[in-house]
Amino acid sequence: MTSTKALLSQTNRLATALHAALVVLVLASAIRYLTGHGFGDRAPWVLVGAALLLATYAAYRVLPDKLWLALLVLEWCALVLLAPSFAWCAVPLSFVALRVLPFRPACVVVAGMVVVTVVQWSRMADRLDPTIVLGPVCIAVLAVGAYRALERDALARQALLDELHAAEGDLADAQHQAGALAERARLSREIHDSVAQGLSSINLLLQAAEREWDDRPESARGHAAQAAATARDGLDEVRRVVRDLAPAELAAGLPNALRKSCERLSAHSETTVRVVVHGEPVALGSEVETAFLRTARGAVANVLEHSAATEAVVTLTYQPDAVVLDVVDNGRGLPRISAKMDSDRGHGLAGIRERLKQLGGTLVLESEPGEGTALAASIPLKSPPPERP
């Protein structure tokens, strides 16, 4: 939630108005003093004090906030002691205090400036005038009250925004869970309609072959051959199901899936892994996104385990006609270009290249001993069909 100490500091238009108001009031107060008193003994001090106040106010980007405010208040007090007309500058300075300090300390500063203003105006009038006392007090109360109302309104809006973001997060989690359940249901249907039925057929064929093995060997061998063919078909079907199964991380999109995977892989490593995305992300299809994600996992896993690199960069670039995934590290490099990746992740370099080839893509690996390794996987985008005339 937004801090209660800096509501107005985020309002650019109000800040500009405060800058202009303070400059105008300082100049007007200096002109009024010179018009009424001329260039007397105090005039040089008044002009120097006014210039110093403006210079200090202009240094708000350089000085720390609290030091800047303290200098402004002290210089203002000195000017009011020299020329009470500068008391009007307390109005924009009150908002400065409310912008810089928490609410209660800011109220103390505003009250102090009101006291200084009342005392100096009373000394100038040589009598106690109720309007001199009540005027600055009413202005201060209105300024602080308006600020407090704006602050509470802003905090209420921020609370609503926080609740909205939390609700969006809950909705995203629910959608993710629903997607995961739908994927599990799809996979169960795939297994039931293909693998399970194939295994059931193999079991029946082998049982028939066992019963006829002694009396009808030719028929038994036929059953066995048919069971072997069914097993081969089932193996092909399992490979198809595994190949088409998209990782759950891809429900949030390929860039987010890459970031989450790299964060998880490098969580307990001294190697820093950064993910950079160039171009406007577009939908690639589950097969292409799965291929990129598994390629990145295998490449990053090998960087973390074997390269002794301090940094690796995974770059996903969306080009007009292709999408390119680059994994570059500053490790010790490979002794030979033909070195294979860990077979437990992506089935090695040959498996990654074969997966990309099936999608019309290419894989390039460049490495020199001591110079790091760069892997580039590219898959062309399918062009939309030409419109009919």
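Strands E1 and E2 (residues 311-318) run parallel and are joined by seven bridges. This pairing belongs to a predicted model. One pair in the register can be named: Val 273 has Ala 312 in E2 as its bridge partner.

The two strands are part of an open sheet of five strands, ordered E1-E2-E3-E5-E4, in which the pairing is mixed. The edges are taken by strand E1 (272-278) and strand E4 (362-367), each of which pairs on one side only. Direction ignored, neighbouring strands of the sheet are turned by 10° against each other on average. Strands of a sheet pair through backbone hydrogen bonds, and the sense may be parallel or antiparallel.

The antiparallel sense appears further along the order. E3 and E5 run antiparallel and are joined by eight bridges; within this pairing, Val 328 has Ala 374 in E5 as its bridge partner. E4 and E5 are also paired in the antiparallel sense, over six bridges. Here Leu 363 stands opposite Ala 377 in E5, and Ser 367 has Thr 373 in E5 as its bridge partner. E4 and E5 form a hairpin with five residues between them, and Gly 370 in the turn has a positive phi of about 80°.

In a regular strand the side chains alternate between the two faces of the sheet. Both strands of the hairpin can be read in this way. Along E4, Leu 363, Leu 365 and Ser 367 point to one face and are buried, whereas Thr 362, Val 364 and Glu 366 point to the other and are not. Along E5, Thr 373, Leu 375, Ala 377 and Ile 379 point to one face and are buried, whereas Ala 374, Ala 376, Ser 378 and Pro 380 point to the other and are not. The cut-off for buried is under 20% relative accessible area.

A helix also meets the sheet. Helix H9 (residues 286-307) lies across E1, E2, strand E3 (322-329) and strand E5 (373-380), and runs at about 10° to E3.

Away from the strands, the remaining feature concerns helix H1 (residues 12-37), where Ile 31 is placed. Val 23, Leu 27 and Ile 31 make a nonpolar surface patch of about 260 Å². Why can Ile 31 be called exposed? Its relative accessible area is 54%, and exposed means over 50%. Ile 31 also qualifies for the patch on area, because membership requires over 30% relative accessible area and Ile 31 has 54%.

Notes: Residues numbered from 1 in each chain as written. Predicted model: local features only at pLDDT ≥ 70, side-chain atom pairs only at ≥ 80, totals over all residues. Heavy atoms only, no water. Patch = residues over 30% accessible without salt bridge, like charges linked within 9 Å, V, L, I, M, F, W, Y side chains within 5 Å. Areas by Shrake-Rupley, 256 points an atom, 1.4 Å probe, with all protein chains shown as cover. Salt bridge = Lys/Arg side-chain N within 4 Å of Asp/Glu carboxyl O. Helix = DSSP H or I, 4+ residues; strand = E, 2+ residues; numbered from the N terminus. Buried < 20%, exposed > 50% of the residue type's maximum accessible area, 1.4 Å probe, protein only. Pairing = 2+ DSSP bridges. Axes fitted to C-alpha atoms, helices over the stretch in contact; angles between N-to-C directions. Contact = heavy atoms within 4.5 Å.
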